[in-house]
Amino acid sequence: MNRITVTPLAPALGAEISGIDLRRPIDADTLAEIKQAWADHLVLRFRGQLLSDPQLLALSGLFGELDPPGPNPYGKPFLSDFPEINVISNVKVGGEPIGNLGDGEAVWHCDMTYVANPPRAAMLHALEVPESGGDTFWSNMYLAYQTLPAEMKAKIAGRKAIHDSTYNSAGMMRKGMKAITDPREAPGAHQPLVIQHPDTGRAALFLGRRRNSYIVGMDLPASEALLDALWEHATRTEFTFRQQWRLHDLILWDNRCTLHRRDSFDPDARRVMHRTQIKGPAVVAFGA
Ligand code: SIN
């Protein structure tokens, strides 16, 4: 039996799991312990894990059915042998990007919430990391909802927002999309602002991404002002965990109750990450 240790990484969320080699079979008790730690801490870090792509896929499959990446700006998977794996990288080979998101900031977001059934989880595996920069941050959306002032809770109760599918978190337009000038016309799923987590049943703030968001049924200036206030609250430093990447780190996060963003880094440095996602059920409004 594996003997894991769970060490919290920040007061709000994040824990390190040590004492396990993810290339080896994981027994049922250990998997249950990891899942419990994940439910408790929302983001799990495993250090020093050098996994091949098939090993990354097998590990991801222990947490549910794989969910292929959404459309990228280049219109085809980055790894033709493993289309379920997304590549996050600034590296170009022969002038062609080998991955998505480049070297700039990736703004706060939740993955693929512009579809009705966004992924429940994602895994990011660090294969090449810059000496500095490119840190990734997660924020706890259970905590963001719990600590929301009562009048803001009342304003968003029963409301939905548009989760725009036009741009990715690096500001690049997805293939086949066209520019949006009025957020009320943005394409993408209409999602409840407060959701019920499918596993824990807890309430979480569900914001998606700020660009082109719109609270359905509000006049536009009121929606903009309320969204600005919600985003400012949801990304307060005390709700976050900061990941400074080391080679072969692997992070697993819950996409239903966290937001994440990434810092920019030196364009001359190389950063290569392989990423998987796990399918999730339809989003449900809290208390529906
Ligand atoms: C992402 O948003 O999935 C990428 C995060 C990162 O590059 O660290």
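Here are some notes on the ligand site and a handful of individual residues.

1. A word of context before the details: this is a predicted model, so please read every distance and accessibility below as computed from that model.

2. Let's start with the ligand. The residues around it are Ile88, Leu101, His109, Leu124, Thr136, His260, Arg262, Arg271 and Arg275. By character, that shell divides into 3 nonpolar, 3 polar and 3 charged residues. As for where the ligand sits, the place is the largest cavity.

3. Which polar side-chain atoms come up against ligand oxygens? For arginine 271, an N or O atom of the side chain is 2.8 Å from an oxygen atom of the ligand. For arginine 275, the corresponding distance from a side-chain N or O atom to a ligand oxygen is 2.9 Å. Histidine 109 also takes part, with a polar side-chain atom 3.2 Å from an oxygen atom of the ligand. On its own the ligand has 260 Å² of accessible area, and the protein covers 99% of that.

4. Arginine 275 is worth a second look, since its side chain also has a protein partner: a polar contact of 3.1 Å joins it to the side chain of glutamine 277. Glutamine 277 belongs to strand E19, which spans residues 272-278. Is glutamine 277 buried or exposed? Its relative accessible area is 5%, so it counts as buried, the cut-off being under 20%. Put together, arginine 275 has a side-chain N or O atom 2.9 Å from a ligand oxygen and a side-chain polar contact with glutamine 277.

5. Leucine 101, one of the residues around the ligand, has a backbone feature to check. Its phi is positive, at about 80 degrees, although the residue is not a glycine. Leucine 101 lies in strand E7, which covers residues 100-101. With a relative accessible area of 13%, leucine 101 is buried.

6. Asparagine 212 goes on the same checklist. This residue is not a glycine either, yet it has a positive phi of about 60 degrees. Where does asparagine 212 lie? You'll find it in the loop between strand E14 (203-205) and strand E15 (214-215). Despite the loop position, asparagine 212 counts as buried, at 13% relative accessibility.

7. Two more loop residues deserve a mention. Proline 119 is in the loop between strand E8 (106-109) and strand E9 (121-128), and its relative accessible area of 1% makes it buried. Proline 119 and isoleucine 251 are 132 residues apart in sequence, with 15 Å between their C-alpha atoms. Histidine 248 sits in the loop between strand E16 (240-243) and strand E17 (250-254). Histidine 248 has a relative accessible area of 18%, so it falls under the 20% cut-off and is buried.

8. Histidine 248 can also be related to the ligand shell. Its C-alpha atom is separated by 9.8 Å from that of leucine 124, and the two residues are 124 apart along the chain. Leucine 124 is itself among the residues around the ligand.

9. Finally, the start of the chain. Arginine 3 is in the segment before strand E1 (5-8). Buried or exposed? Arginine 3 has a relative accessible area of 64%, so it is exposed, the cut-off for that being over 50%. Arginine 3 and glutamate 33 are 30 residues apart in sequence, and their C-alpha atoms are 9.8 Å apart in space.

Key:
Residues are numbered from 1 along each chain as its sequence is written. This is a predicted model: local features need pLDDT of at least 70, side-chain atom pairs count only at pLDDT 80 or more; totals for chains, interfaces and linings use all residues. Side-chain values use heavy atoms; hydrogens and water are left out. A residue is near a molecule or strand if one of its heavy atoms lies within 4 Å of it. A polar contact is a pair of N or O atoms within 3.5 Å; within protein, one must be able to donate a hydrogen and the other to accept it, and residues adjacent in sequence count only if both atoms are side-chain atoms. Accessible areas come from the Shrake-Rupley method with a 1.4 Å probe; for residues, only the protein chains shown count as cover. On a 1 Å grid over the protein atoms alone, a cavity is a set of points where a 1.4 Å probe fits but cannot get out, and a pocket is an open set with protein on both sides within 12 Å along at least five of seven lines; lining residues have an atom within 4 Å of a point. A molecule sits in a cavity or pocket if more than half of its atoms lie within 2 Å of its grid points. Ala, Val, Leu, Ile, Met, Phe, Trp, Tyr, Cys and Pro count as nonpolar, Asp, Glu, Lys and Arg as charged, and the others, Gly among them, as polar. Helices (H or I, at least four residues) and strands (E, at least two) are DSSP runs, numbered from the N terminus. Buried means under 20% relative accessible area, exposed over 50%, partly exposed in between (1.4 Å probe, protein chains only).
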